[in-house]
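Student: I have a structure to read and some questions about it. Can we go through them one at a time?

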Amino acid sequence: MNDRSILLVEDNPDDEALTLRALRVNNIGNAVTVARDGAEALEYLFAAEDPAPSPALILLDLKLPKINGLDVLRRIRADQRTRLVPVVILTTSVEYEDVLAGYRAGVNAYVRKPVEFADFAGAVSTIASFWLQVNEPPADVIAPSPASGAPAG
Amino acid sequence: VLIQRKYEVRSAPADLPGAPPLAAPDDPAGIPSHSEWVPDAITAAGGLLCAAAGLTVIVAWFARATAILRFGSENPMSFNTAVAFVVTGVALVALARRRPRAALAAGVFDVVLGTAILAEYALDRSFGIDQLFVKAYLSAPHVVPGRPAINTSVCLVLIGAALLVWGPWRSRRRPAVVAAAGSAIGAIAVIATFGYATGNPATYGWWHVSAMAFLTAVIMLILAISLLSAAWRDSRAGHQNLPRWLPMPAGALALGLAEWLAITGRAVAGGRISEATFTGAATVLGLAMAALVSLVVWMAQHAEGRRRVAVAEAARRSAAERVAREGEQRLFQFLDAMPIAVSVTSPGGRPYYANSEAERMLGRGVAPGIGAGEPAETYSAFRVGTDRPYPAERMPIVRAALGQPSHTDDMEIHQPDGAVIPLEIWGRPVYGTGGEIDYAIAAFADMTERHAREEVIAGQAALLELAGDAILTRDPGGHITYWNAGAEHIYGYTRAEAVGQKCHDMLHTQFPEPRAGIEAITAERGRWDGELTHRCADGQSIIVESRWAAQRGPGGSLLGFMEINRDITARKDAEREAFRRVDEIQALNATLEQRVQQRTVHLERANKHLATFTYSAAHDLRTPLRGISGFAEALADEYGDRLGEIGRGYTERIQAATGHMATVLDDLLHLSRVSRAEMHLEEVDLSAEVTAICDQLRGHDPGRRVQVSVEDGIRVTADRPLIRTVLENLLDNAWKFTAGRDDTIIEFAATPVTDAPICCYVRDNGAGFDPAYSSQLFTPFHRLHAATEFAGTGMGLAIVQRIIDRHGGRTWAEGAIDHGAIVYFTLDANDTQ
């Protein structure tokens, strides 16, 4: 498992806590940066004075204050530095239009948040292990270490 | 002459009018009638004797036959006298033979000779004519040798004059002139003759210069007779009565007789009276006698003329009266032959004549004495329909007698036998030549038949009056001639107001096309139908259904038009009202449709909103639910030791409840999605879909033995994903509610219905349901089975119904507990949303 951070863009504190817990119970130790709205996420990614290194995975909610998730996604894909970063939309909406728009904007995966925590934790574990361990990132991304364990759930 | 002329004038009318005019009395070329033959013969004989004597004397003069020359007296006839006799005799014969020119020539000779001789005597000188042809070897005392006597010369002049009038002087006085000459010659000759007979030389030898020879006197007498005879014939050629010159020869004869008496008387007187005295007295006496005889003859003649005039006048009158009577008789015959009654009265009202038709009608003839009383009584004349006598001053016959022409048709005659005859009477005065009223004439006709006809017509007219429609007739000029009660009622004009008016001016008619065109069509085809607008007396406009018909006379001439007009204003108003309502309804319908469309749009929008809201709500509810579920799990996981058994049980219940609620929310989202999804219609093979779904179900539950019966070839037009959802839900239910049965049968088939092109059903033989609650089956979240018996949220049939709704169909279910269920749905692809 690579050690690069995960950017979690989530405005709901409950979901934020549950997501972090799901990562924790599934033993995913990557650092998690939380942005509570779209503006904050873009600030984190493209801060002029001190840009953070590109995250290994961005978990993006769609319904966000200030700048919504799809716009954030488009900015990420539009920027040379972040255009290849894996972005997984993790949201409650399974509106067909949202799904379509997400893929058009270049999202890598679209996952609906299950209600029951067991399911939710399973989904988060699967996403993290896939993108951080199973999936082979592009060349300019540091090669991940071989999968250290089966995804949860 | 005056009397004669009068007589002629008076007698002229006795001739029948138109008779040919009389032959000219003086026409010498006329063929002699029997009455002219005798005087002609006398004249000719006298002429012959005269010429023969003259010729004899001439011969004697040449032959010196003194015995012949001195025949009867010592005085010989002169040679010139003999020549004149020959000439005159020939002229008389020629005259009798209708050769008047010879008479003219002889007349000129005689007058010239006589006048010349008289001139010789008067001037006492010789013109050398006395012995022109022969020497007068014989000479009597006091005689100029060879010269004829004075009286002879006078006679020659008279003879010449008588012959000359036969020339150009063709007047009716000719016979009188000829007779006068003849009478004078006769008188001279008679005197001379009696003088010879009695030995009185003064009578033949005037003034003792020369004496008329005895033979000359005799010849002169013959000549006088010849001339009188010619005058007689000339007079008789004109008329029958005696010649008016008759007194002249009578006077001459009387003169001769007086001479004879005087001569006789002188012998008796013997010398007691002087010869001169005696001669003067005898002359006066003779002239007086001649005048007296002439007067007597004239008077007798005049009396005869008057008698003839009277007789002729009487004859003329009787003839005129006869003609008048015949004319009147003929006129009466004409009048009798006439089919119309004619009566004539005198100006005083006395009946004068009635023709047979009048007698028949009045019931009596023209009785003498009638007319003394009132005319109404005389004729039994009454006012029509009453017993009141007809007023005399209004009777046409009475008015005609006063010079007033008149006409009535309100009189009737009550005949003696009780018959009543209505009459139409015309009265006219008849004027005489002086302008006075001679007669009053009345012509009258029996109107019984006409009244009968009029009654029939009136009966027919009364039928017209019963008609509710307006019936009117008008002449070609447009003036109303008939106006029935219906017209009075419809238009408000009374008959008296309407008749005579210009019809379409009075009614302010509005024609659908020019009136002249309509009239031309009516005249040509006999009728016309159409609608007209009229204005009534009260100013209101009405619409009439008008039918026109052309009225034609016996010869096909256009008498006018009849119009039958029906007031259809109310009907028209009703039609208009109906049309207005239809328009209103159409407008309402149009707006209704628009409103329905608007409502539908609103409803759809509301549905969409509701669906969106449902979606948002379900979506938003998931987030806290996830929190509840997550933190309950975290609680149990991290603090399970402290919660204890019961506490962990609670967290499990929380987990279960949130799980259920998540399912509900998913169903809601599903329902919302099928409500909002865009529909794309295409042909879908339902049988194939059903088979595929059942295969899937078998795959999920391979342990069950289920008999699936699918009717082949059920194809519909629908949105494939949605209709598939329907089938999935229905088959899922069937699968679910037949769980636990060994002989599960699921059937999919179509069945005909009336209200949709296709109706399908899914039947199972599962748990069924209580039909009392069948209406609640399709209510969202409504369940007829306990959640412990069959899983589910109760949303499946609600989704089915929503989708079928959107396809324009309907759903219903039949079933009974433990006897399975049938769920039907219809599809109407034409009415989809």
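Tutor: Yes. Keep in mind that this is a predicted model. Start with chain B, where 6 strands form an open sheet with antiparallel pairing. Along the sheet, the strands come in the order 2-1-6-5-4-3.

Student: Which strands of chain B stand at the edges of this sheet?

Tutor: Look for strands with a single partner strand. One side of such a strand is left without a neighbour in the sheet, because there is no second partner. In chain B, these are strand 2 (351–354) and strand 3 (381–383).

Student: By how many degrees are neighbouring strands of this sheet turned against each other on average?

Tutor: Take each strand with its neighbour in the sheet. Ignore direction, and average the turn between them. The value is 35 degrees.

Student: What is the bridge partner of B:Thr408 in strand 5 of chain B?

Tutor: First place the two strands. Strand 4 covers residues 406–414 of chain B and strand 5 covers residues 420–431. They run antiparallel and 7 bridges join them. Across from B:Thr408, the bridge partner in strand 5 is B:Ile425.

Student: Now chain A. What pattern does chain A follow along the sequence?

Tutor: Count the elements to begin with: chain A has 5 helices and 5 strands. Then read them along the sequence. The pattern is β-α-β-α-β-α-β-α-β-α.

Student: Are the residues on the two faces of strand 1 of chain A buried or exposed?

Tutor: In a regular strand, side chains alternate between the two faces of the sheet. Strand 1 of chain A spans residues 6–9, with A:Ile6 and A:Leu8 on one side. A:Leu7 and A:Val9 lie on the other side. Both faces are covered, and all four of these residues are buried.

Student: Is the crossover from strand 1 to strand 2 of chain A right-handed or left-handed?

Tutor: Strand 1 and strand 2 (residues 32–35) of chain A run parallel, joined by 4 bridges. A:Val9 has A:Ala35 as its bridge partner in strand 2. Between the two strands, the chain passes through helix 1 (residues 13–25) of chain A. This β-α-β crossover is right-handed.

Student: Which residue in strand 3 of chain A stands opposite A:Ile6?

Tutor: Strand 1 of chain A is also joined to strand 3 (residues 57–60) of chain A by 4 bridges. These two strands run parallel. Opposite A:Ile6 stands A:Leu57.

Student: What percentage of the residues of chain A count as buried?

Tutor: Buried means under 20% relative accessible area. Apply that to the 153 residues of chain A. The share is 52%.

Terms used
Residues are numbered from 1 along each chain as its sequence is written. Chains are lettered from A and ligands numbered from 1 in the order in which they are written. This is a predicted model: local features need pLDDT of at least 70, side-chain atom pairs count only at pLDDT 80 or more; totals for chains, interfaces and linings use all residues. Side-chain values use heavy atoms; hydrogens and water are left out. Buried means under 20% relative accessible area, exposed over 50%, partly exposed in between (1.4 Å probe, protein chains only). Two strands pair if DSSP finds at least two bridges between them. A crossover is right-handed if, with the strands pointing away from the viewer, the path from the first strand over the helix to the second runs clockwise. Axes are lines fitted to C-alpha atoms, for helices over the stretch in contact, and angles run from 0 to 180 degrees between N-to-C directions.
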